[in-house]
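Student: I would like a close look at one part of this structure. Could you take me through a place where two helices meet, and the rings found there?

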Amino acid sequence: MNGRADFREPNAEVARPIPHIGADYIPTEEERRVFAECNDESFWFRSVPLAATSMLITQGLISKGFLSSHPKYGSIPKLIFACIMGYFAGKLSYVKTCQEKFKHLENSPLGEALRSGQARRAAIPGYYSQKPRYESNVSDHSSFVTAPAADNMEKEKFPRYEPIPFSSSMNESTPTGITDHIAQGRNFS
C-alpha cells in the first residue's frame with residue numbers, strides 16, 4: 001500500500017479520455033472519404049430538393065399575390081433568397097445522418113469523440129430533465145391573497161427585484177412631471 005485509499009469498485013469501467021479534435025486535427029483517409037460522401041449526399045439529396053421546392057413555393061406565392069415582386073428586379077431577389085435558405089436548410093438537415101456515419105467508423109478519433117460525447121451527455125444525471133432555477137407555484141393557489149406568509153414565500157423563491165428609474169421623455173436632460181398650467185387653465189368659450 002502507498003498510503004492512499006482506493007475507493008473504486010473493482011469491476012467499474014474507467015471512462016476513456018475524449019480525443020482532442022481541434023482546428024489542428026488532420027482527418028484520416030477514412031474520415032476524408034466520409035466527409036466527401038456526406039457533402040455529396042447532403043447536396044444532391046437534401047439541398048437541391050429543398051432549394052428547388054422553396055423557389056417553387058416562393059414563385060407561387062409571388063404569382064398569387066401573397067408576396068410582392070421588386071419593381072426593378074422582379075421576383076429574382078426573393079427566389080435567390082429562397083434558394084440560399086433551402087440550400088442551408090438541406091445541409092443542416094443532414095448533420096445528424098453524417099454524425100451517425102462517423103460514429104460507425106472503427107478506428108476514427110472523430111467517431112470516438114462523437115460516441116463518447118453522446119455517452120457522456122447521457123451519463124450526466126438530470127441532463128435532459130433539468131428544472132428551471134426559479135419555480136413558481138402560482139397555479140397551486142386558488143386565489144391571489146396577500147398575507148405576510150405569502151410575502152415571505154415569494155421573497156425566498158425569487159431574487160430581489162429593484163425597479164430602475166425610467167424616463168419616457170426623449171431628452172434625458174429635461175425634467176419630468178411638469179405640466180403645462182397655461183393650457184389646462186384656459187377655457188375657450
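Tutor: What follows is a walk through one helix pair, then its aromatic rings, then one loop residue.

Keep in mind that this model is predicted.

Start with the two helices. Helix 1 covers residues 29–64, and helix 2 covers residues 76–93. Their axes come within 7 Å. They cross at roughly 145 degrees. The crossing is right-handed.

Now look at who touches whom. On the side of helix 1, the contact includes Asn39, Ser42, Phe43, Arg46 and Ser47. It also includes Leu50, Ala51, Ser54, Met55, Thr58, Gln59 and Ile62. From helix 2, the partners are Lys78, Leu79, Ala82, Cys83, Gly86, Tyr87, Ala89, Gly90, Lys91 and Ser93. Sorted by class, this contact has 10 nonpolar, nine polar and three charged residues.

Pick out Phe43 and Tyr87 from those lists. Both take part in the contact between the helices, and both carry aromatic rings that pair up. Their ring centres are 6.4 Å apart, and their planes stand at 65 degrees. An angle over 60 degrees counts as edge-to-face, so that is the label for Phe43 and Tyr87. Phe43 belongs to helix 1 and Tyr87 to helix 2, so their pair ties together parts 44 residues apart in sequence.

Phe43 has another ring partner, Trp44. This pair is edge-to-face too, with 4.9 Å from centre to centre and 85 degrees between the planes. The whole structure holds four aromatic pairs. Phe43, Trp44, Tyr87 and Phe88 form one aromatic cluster.

How open are these residues? Phe43 has a relative accessible area of 31%, so it is partly exposed. Tyr87 also has 31% and is partly exposed. Trp44 is at 51%. The cut-off for exposed is over 50%, so Trp44 counts as exposed.

Finish with Ser108. This residue sits in the loop between helix 3 (95–103) and helix 4 (109–123). Its relative accessibility is 5%. Buried means under 20%, so Ser108 counts as buried. Leaving aside residues up to four places away in sequence, Ser108 touches Glu31 and Arg115. Glu30 is 78 residues from Ser108 along the chain, yet their C-alpha atoms are separated by 7.9 Å.

Methods
Residues numbered from 1 in each chain as written. Predicted model: local features only at pLDDT ≥ 70, side-chain atom pairs only at ≥ 80, totals over all residues. Heavy atoms only, no water. Axes fitted to C-alpha atoms, helices over the stretch in contact; angles between N-to-C directions. Helix = DSSP H or I, 4+ residues; strand = E, 2+ residues; numbered from the N terminus. Left-handed = near helix turned anticlockwise from the far one by under 90°. Contact = heavy atoms within 4.5 Å. Nonpolar A, V, L, I, M, F, W, Y, C, P; charged D, E, K, R; others polar. Buried < 20%, exposed > 50% of the residue type's maximum accessible area, 1.4 Å probe, protein only. Phe/Tyr/Trp six-rings, centres within 6.5 Å; stacked < 30°, edge-to-face > 60°.
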